[in-house]
Amino acid sequence: MSGPQCCENPPTLSSSSGVGAVTEIAGLKSYVSGPSDSKLAILLISDIFGYEAPNLRKLADKVAAAGYYVVVPDFLYGDPYDPSNAEKPVPVWIKSHGPDKGVEDAKQVIAALRGKGISSIGAAGFCWGAKVVVQLAKSDDIQAGVLLHPSFVTVDDIKEVIKPISILGAENDHLTLPELVKQFEATLSSKPEVDFFVKIFPGVSHGWTVRYQIEDENAVKSAEEAHQDMLNWFTKFIK
C-alpha cells in the first residue's frame, strides 16, 4: 500500500460530480444514486482518494442505472490522501485511516440500509476499500463482494470468506501481484461452498478501474470491462 502505484493518477476531487446526491447515512456523508425505494443496494468503498472521485461517482451512477440503490460513504471523514501533502505520506496517512475502522463504519451503514427495508446488499472495494469488503464477506453483512485491485488482502483473508466473491486484478500490480491473485484463486478453488470469479486484466496497473484517464481509449475500455464484470456479479447474487 505504501508503494508508488497506490498514489498514481490521483483524481481531481469534486463534490458536485455525478447525477446522485450527498446525504448522511449512519452519520457519514455518502454519495447516493439510484432508486431510493429499491430493495437491493450496492456499497462502493473507495480507494485512498475518497468518495468524491469523479470516476467512482460515475461508476456509482452506472450501477444505479441497473436498478440498485448505490451508496458511496465517506469512510475517510473528509480527509482523503493528498499526494501534495509532504507531511502525510501514505505510511503516515494510513495510521489514522486503517481499514478496520472502515469495516466498523461499513457495518453501521449496512445496518442503516437494512433498517430502511433493503433486503440484499453487495459491496465492491477499490484498493484500500477491497480490504474492507473482504472483511464483510467473512460474515452475513453482505450477500456478495467484489475486490478490484485490492490492497492489504491476504490468503488468510480469503480462507475466511463465506460469501460469493469476485477478484479483479491487474497484470502490472506491484501491491497485489498476479501471483498473489492466483493464490487467492487456488484458495477459493478449495472452498466449493463459495462461488467465486477471478480475473487478471492484461496491460493494466493498480487502480485502473477508477483512476483511468478518460481521454485514453484503451484505459477506458479496460475499466469498463471490469465495471461490467462487477455488475454481472451483482446481477447474479444481489436479487
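This report describes salt bridges, nonpolar cores, one helix and one loop residue in a predicted model.

**Salt bridges**

Side chains of opposite charge can pair when their charged atoms come close. A search of the whole structure finds 13 salt bridges, and three of them are set out in the table with the separation of their N and O atoms.

| Pair | N to O distance | Place of each partner |
|---|---|---|
| Lys131 and Asp157 | 2.6 Å | helix 4 (residues 128-136) and helix 5 (residues 155-159) |
| Glu225 and Lys199 | 2.8 Å | helix 7 (residues 217-237) and strand 8 (residues 196-205) |
| Lys159 and Asp156 | 3.6 Å | both in helix 5 |

The salt bridge between Lys131 and Asp157 links distant parts of the chain, with 26 residues separating its partners in sequence. Both Lys131 and Asp157 are buried, and they also belong to a network of salt bridges that takes in Lys138 and Glu160.

The pair formed by Glu225 and Lys199 has one partner in a helix and the other in a strand, so it ties together parts of the chain that are 26 residues apart in sequence. Glu225 counts as partly exposed, at 37% relative accessibility, and Lys199 also counts as partly exposed, at 22%; the cut-off for a buried residue is under 20% relative accessible area.

Within helix 5, by contrast, Lys159 and Asp156 are 3 residues apart, about one turn of the helix. Lys159 has a relative accessible area of 49% and is partly exposed, and Asp156, with a relative accessibility of 49%, is placed in that class as well.

**Nonpolar cores**

The largest nonpolar core is made up of 44 residues, and those with the most contacts inside it are Trp128, Leu136, Leu147 and Ile167. Helix 4 gives the most to this core, contributing 6 residues. When residues up to four places away in sequence are not counted, Leu136 touches a set of residues that includes Ile45, Val103, Ala106, Ile110, Ala123 and Ile142, and also Lys107 and Asp141. Another core lies apart from this one and has 31 residues, among them Ile42, Tyr51, Val146 and Phe234.

**Helix 3 and its surroundings**

Helix 3 covers residues 99-115, and its 17 residues should span 24 Å at 1.5 Å a residue, which agrees with the 24 Å between its end C-alpha atoms. Its buried residues are Pro99, Gly102, Val103, Asp105, Ala106, Val109, Ile110 and Leu113. Val103, Ala106 and Ile110, which are touched by Leu136, are among these buried residues. The cover over the buried residues of helix 3 includes helix 4 together with strand 1 (21-25), strand 2 (28-33), strand 3 (40-45), strand 4 (69-73) and strand 5 (120-126). After helix 3 comes Gly117, whose phi is positive, near 100°.

**A buried loop residue**

Thr176 is found in the loop between strand 7 (165-172) and helix 6 (178-189), and with 2% relative accessibility it counts as buried, the cut-off being under 20%. A polar atom of the Thr176 side chain lies 2.4 Å from the backbone oxygen of Pro150. Leaving aside neighbours within four places in sequence, Thr176 is in contact with Pro150 and also with Ser151, Val181 and Phe184.

Notes. Residues are numbered from 1 along each chain as its sequence is written. This is a predicted model: local features need pLDDT of at least 70, side-chain atom pairs count only at pLDDT 80 or more; totals for chains, interfaces and linings use all residues. Side-chain values use heavy atoms; hydrogens and water are left out. A salt bridge is a side-chain nitrogen of Lys or Arg within 4 Å of a carboxyl oxygen of Asp or Glu. Helices (H or I, at least four residues) and strands (E, at least two) are DSSP runs, numbered from the N terminus. Buried means under 20% relative accessible area, exposed over 50%, partly exposed in between (1.4 Å probe, protein chains only). A polar contact is a pair of N or O atoms within 3.5 Å; within protein, one must be able to donate a hydrogen and the other to accept it, and residues adjacent in sequence count only if both atoms are side-chain atoms. Contact means heavy atoms within 4.5 Å. A nonpolar core is a set of buried Ala, Val, Leu, Ile, Met, Phe, Trp, Tyr and Cys residues joined through side-chain atoms within 4.5 Å. The expected span of a helix is 1.5 Å times one less than its number of residues.
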